[in-house]
Amino acid sequence: MQNINVKIDNALNKIGQEAVKEMLPEVLAAKAHLVNGDAAGNDFLGWVDLPENIDQTMLRSLKADVARLTAKSKVMVVIGIGGSYLGARMVIEALQSEFAAMDNSDKPYIVYAGHTLSEDYYAQLLKVLDRVDYSVTVISKSGTTTEPAVAFRIVKAHLVEKYGSDEATKRIVAITDARRGALHDIAVQEGYPMYVIPDNVGGRFSVLTPVGLLPIAMAGYDIDALLQGARDMRKLCIESDDVAENPALLYAALRNILYRKGRKVEMLVNFLPNLKYISEWWKQLYGESEGKDRKGILPHSLSFTTDLHSMGQYVQDGERLMFETFISVDQPATSVAIPADEQNLDGINYLLGKSLNEINHNAELGTMIAHRGGGVPVLKIAVPKVDEYTLGQLIYFFEFACGVSGYTLGVNPFDQPGVEAYKKNMFILLGKPGYEGQQLV
Ligand code: PA5
């Protein structure tokens, strides 16, 4: 197996092996909480063994539904918000062409809904759905979240109008709680195929449940390879207590060391635009898990070299609040040659004979050295290439490191009480029954 690994250059970023050694007992204690389930949040640890415990009967049925819907859909609308869509989107966007919407592929193109309340977004979506064959996956663990409920009502009405109610029912799959919630009740009443989000898996840790697996399979990607990558990384994360071998322990230790040294912002950095949603998923995973009790590293992200031309100045020379974590991908999936030009008016003939990947890697190395020189500690997560297997590893690595890091920080990484405040205010402002006379918070 080709492992991802977290590397640290002690000479340049000054963290040092000693600091890691000092942090190790705390990090190992945090890891033990995850493995033994003996700390706050232990009712949400189902994700730890998920890749091992995957239900094969469920997987077979999921693949059969995917095949059935693929045969009659050019587009799949995935409705969900937060943990109910970011994981699938991260994997799909990492693997598909940046121009997939314009490719005339025989695979369904995935579009997203339920993650916004923008009126224009839905008007534009419905216009597209008028002219393509499509189906719908609606995902909500609680089954009561406003954004996906609104989106589902709008899209379902369009689907019924387009195909009639019998065929509409055959084009919808629901992913929700096994027993409770409005979406559960609707799915039972209407007879939609239904997949379950286990009680003990929180939304942001649910990408390896049907929440992520169904849309990823629908987009044509290999969910068995994804799960195998997660399984192999799980073994490493669970079995090894050695920071030189277990990247999740090292990453959790380094983040906490840097946080205690006053680095309150972590910027996840990549040099490949198709990794943007890895950053979006990671921001939710770490932000929602650690940002509580007035603690937590603020997760931020940048896409280079693009953002070097907008945020590079601040990173190099602004307030020293941050550290950077580079996701560094060794091999691209495809290649493009730079054409020769005898005149060389643009002055870039010196690049001939180099691949774009080599040029991009030199930009990456040059950036790391420059930012370290400017006083920004730099971590590097090295990934051999982007495919289903390495993405499975990356997912499990980030999840496990998040649990270890959150417990090391001294918070419960598996709740999200702060998310409720905006909902309460919105319900009061909209006059939702039950919220009459309540004060805005
Ligand atoms: O991680 C979480 O728990 C949240 O981001 C949820 O995934 C998000 O709020 C959506 O909730 P639900 O799936 O219940 O609609």
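This briefing covers the ligand site, the salt bridges and a few individual residues of the structure. The model is predicted. Its ligand is surrounded by 13 residues, and a search of the whole structure finds 19 salt bridges.

**Ligand site**

- Among the 13 residues around the ligand, the closest are Ser 84, Ser 140, Ser 142, Thr 145 and Gln 284.
- By class, this shell holds 9 polar, 3 charged and 1 nonpolar residues.
- The side chain of Gln 284 places an N or O atom 2.5 Å from an oxygen atom of the ligand.
- For Ser 84, an N or O atom of the side chain is 2.7 Å from a ligand oxygen, and a polar side-chain atom of Ser 142 also lies 2.7 Å from an oxygen atom of the ligand.
- The protein buries 87% of the 380 Å² that the ligand exposes when taken alone.

**Salt bridges between separate parts of the chain**

- Arg 204 and Glu 288 form a salt bridge, with their closest N and O atoms 2.9 Å apart.
- Arg 204 is in the loop between strand S6 (194-196) and helix H9 (210-218) while Glu 288 is in helix H12, so this pair ties together parts 84 residues apart in sequence.
- Arg 204 is buried, at 3% relative accessible area, whereas Glu 288 is partly exposed at 23%.
- Lys 292 pairs with Asp 415 in a salt bridge whose closest N and O atoms are 2.8 Å apart.
- Because Lys 292 lies in the loop between H12 and strand S8 (298-303) and Asp 415 in the loop between helices H15 (388-409) and H16 (420-430), the pair links parts 123 residues apart in sequence.
- Lys 292 is buried, with a relative accessible area of 10%; Asp 415 is partly exposed, at 27%.

**Salt-bridge network**

- Asp 177, Arg 179, Arg 180 and Asp 199 are joined into one network by salt bridges that share partners.
- Within it, the closest N and O atoms of Asp 177 and Arg 180 are 3.3 Å apart.
- Asp 177 is buried, with 4% relative accessible area, and Arg 180 is partly exposed, with 48%.

**Buried residues in H12 and S9**

- Tyr 286 belongs to helix H12 (residues 276-290) and is buried, at 0% relative accessibility.
- The C-alpha atoms of Tyr 286 and Asp 177 are separated by 24 Å, with their positions 109 residues apart along the chain.
- Thr 325, in strand S9 (residues 322-331), is buried with a relative accessible area of 0%.
- The side chains of Thr 325 and Glu 266 are joined by a polar contact of 2.6 Å.

**Nonpolar surface patch**

- Met 311, Tyr 314 and Leu 321 make a nonpolar surface patch of about 230 Å².
- Tyr 314 sits in helix H13 (residues 312-317) and is partly exposed, at 36% relative accessible area.

Definitions and conventions:
Residues numbered from 1 in each chain as written. Predicted model: local features only at pLDDT ≥ 70, side-chain atom pairs only at ≥ 80, totals over all residues. Heavy atoms only, no water. Near = heavy atom within 4 Å. Polar contact = N/O pair within 3.5 Å; in protein donor to acceptor, adjacent residues only side chain to side chain. Areas by Shrake-Rupley, 256 points an atom, 1.4 Å probe, with all protein chains shown as cover. Nonpolar A, V, L, I, M, F, W, Y, C, P; charged D, E, K, R; others polar. Patch = residues over 30% accessible without salt bridge, like charges linked within 9 Å, V, L, I, M, F, W, Y side chains within 5 Å. Salt bridge = Lys/Arg side-chain N within 4 Å of Asp/Glu carboxyl O. Helix = DSSP H or I, 4+ residues; strand = E, 2+ residues; numbered from the N terminus. Buried < 20%, exposed > 50% of the residue type's maximum accessible area, 1.4 Å probe, protein only.
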